[in-house]
Amino acid sequence: MNTYTKHKVLLKAEDVNLQYGDKQILRDINFSIQDIHREGVAQGQVVSLIGRSGIGKTQLFRILAGLIKPTSGVVHIEEDQHPVQAGEMGIVPQHYVLFNHRTIYQNLKIGLDNAAVKLSDAEKQQIIKDYADTFELTEHLKKYPAQLSGGQRQRVSIIQQVLTGNKFILLDEPFSGLDILMVDKVINLLLKVSTLHEQNTLVIVSHDIENAAAISDTIWILSTEEGKPGATIVKEYDLCQMGLAWMPDIRSNPAFVSLIKEVKSKL
Ligand SMILES: Nc1ncnc2c1ncn2[C@@H]1O[C@H](COP(=O)(O)OP(=O)(O)OP(=O)(O)O)[C@@H](O)[C@H]1O
């Protein structure tokens with residue numbers, strides 16, 4: 001049995017609305033992510049934002065990241081709950097951007113160069129070595145991005161964000177375009193990241209319900225409500241409460257299988 005408790009709010013959206021001209025895209029988005037404490041594990045938070053294509057996931061993603069301002073409403077971040085600013089969240093875009101003319105080592109170093117904590121070159125080298133060991137990238141450090149597979153590049157891009165020290169990381173469709181083996185590797189990487197630090201908080205925007213749900217403690221469904229304009233979070237599933245979080249073989253669990261069915265019916 002998983003024993004856990006929920007504590008301070010780390011991320012909160014209050015009455016977020018987004019309109020383009022007279023078209024309402026997002027309506028009354030409200031949610032909060034609380035710090036989960038779990039005995040014996042530095043358990044971070046993993047939330048999946050699920051919705052069909054064109055519903056407004058990317059717009060909400062950009063609002064959470066502080067990249068665009070909502071028409072009304074506000075997103076608060078961290079323990080002091082200040083309004084989010086651009087740059088406070090690590091972003092792993094769908095088409096991950098690595099610097100093609102720099103090696104993987106240099107790309108990872110960019111993450112550390114952008115970290116709030118200033119480190120010496122020797123310290124940076126050691127950290128990159130440790131991360132590369134942990135995440136099976138040591139043999140690729142001297143290569144250039146073009147010499148890596150899509151899945152490997154995706155992992156580098158995720159680690160680059162982890163190295164910046166941002167505890168909040170937004171991932172846009174992290175599984176798209178990857179084969180099954182690579183999806184598993186990315187999943188394992190995200191699980192590791194989510195247990196590196198208690199306050200690490202991943203928000204995964206995806207339409208790959210099974211994979212996103214398998215590593216999440218919470219699922220938000222972004223969808224429309226009859227007769228109302230714009231998309232909102234029509235349902236939140238608390239997988240901790242349902243006993244479906246942090247289970248390695250969750251996919252074959254009958255309760256998980258029926259949850260996925262239900263989620264699909266709500267899109
Ligand atoms: N700058 C803009 N001006 C007007 N409408 C926009 C703008 N950007 C996005 N939209 C509209 O907002 C809606 C939501 O788009 P969004 O990209 O967030 O969808 P999505 O859920 O991320 O889709 P997908 O899964 O296909 O990426 C769409 O109807 C889109 O046409």
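Let's start in the middle of things, with helix H4: 11 of its 14 residues are buried, so this helix is largely enclosed by the rest of the structure. Buried here means that 20 or more other C-beta atoms lie within 10 Å of a residue's own; exposed means 12 or fewer, partly exposed is in between, and the C-beta atoms are placed from the backbone. Keep in mind that this is a predicted model, in which local features need pLDDT of at least 70 and side-chain atom pairs count only at pLDDT 80 or more, while totals for chains, interfaces and linings use all residues. Residues are numbered from 1 along each chain as its sequence is written.

The buried set in H4 includes Gln152, Gln154 and Arg155, and the stretch from Val156 through Ser157, Ile158, Ile159, Gln160, Gln161 and Val162 to Leu163 belongs to it too. What lies over them? The cover includes strands S6 (90-92) and S7 (168-172), along with helices H2 (104-113), H3 (121-134) and H5 (180-194). Helices and strands are DSSP runs numbered from the N terminus, with H or I over at least four residues for a helix and E over at least two for a strand. As for its length, H4 covers residues 150-163, and at 1.5 Å a residue it should span 20 Å; its end C-alpha atoms are 20 Å apart, so the two agree. The expected span is 1.5 Å times one less than the number of residues. After H4 comes Gly165, with a positive phi near 90°.

Zooming out, the chain has seven helices and 10 strands. For 267 residues, a compact globule would have a radius of gyration near 18 Å, and the chain's 18 Å agrees with that. The radius is taken over C-alpha atoms, and the globule rule is 2.2 Å times the number of residues to the power 0.38. Along the principal axes, the C-alpha atoms fill a box of roughly 60 × 45 × 35 Å. Of the 267 residues, 38% count as buried. Contacts reach a long way along the sequence: among those between residues at least 6 apart, 72% join residues at least 24 apart. A contact means two C-beta atoms, placed from the backbone, within 7 Å.

UniProt, in an unreviewed entry, places the feature "domain: ABC transporter" at residues 11-249. Its positions are given in the numbering used here, feature names are shortened, and annotations may be inferred rather than shown by experiment. Over residues 11-249 the chain is 28% helix and 29% strand, with the end C-alpha atoms 29 Å apart.

Now for the ligand. Around it sit Tyr20, Ile25, Gly51, Ser53, Gly54, Ile55, Gly56, Lys57, Thr58, Gln59 and His207, where a residue is near if its C-beta atom, placed from the backbone, lies within 6 Å. Helix H1 (residues 57-64) supplies the largest share of this shell, three residues. By class, the shell has three nonpolar, seven polar and one charged residues. In this scheme Ala, Val, Leu, Ile, Met, Phe, Trp, Tyr, Cys and Pro are nonpolar, Asp, Glu, Lys and Arg are charged, and the others, Gly among them, are polar.

H1 also holds Leu64, which is buried because 24 other C-beta atoms lie within 10 Å. Not counting residues up to four places away in sequence, Leu64 touches Val75, Val84, Met89, Leu170 and Val203. The C-alpha atoms of Leu64 and Ala13 are separated by 8.1 Å, though their positions lie 51 residues apart along the chain.

Follow the contact to Val84, in the loop between strand S5 (82-83) and S6. Val84 is buried too, with 22 other C-beta atoms within 10 Å. Its contacts beyond four places in sequence are Leu64, Gly66, Val75, Ile77 and Met89.

Two loop residues have notable backbone angles. Glu78, in the loop between strand S4 (72-77) and S5, is not a glycine, yet has a positive phi of about 65°. Glu173, in the loop between S7 and H5, has a positive phi near 50° and is likewise a residue other than glycine. Buried or partly exposed? Glu78 is partly exposed, with 16 other C-beta atoms within 10 Å, whereas Glu173 counts as buried, with 20 C-beta neighbours inside 10 Å.
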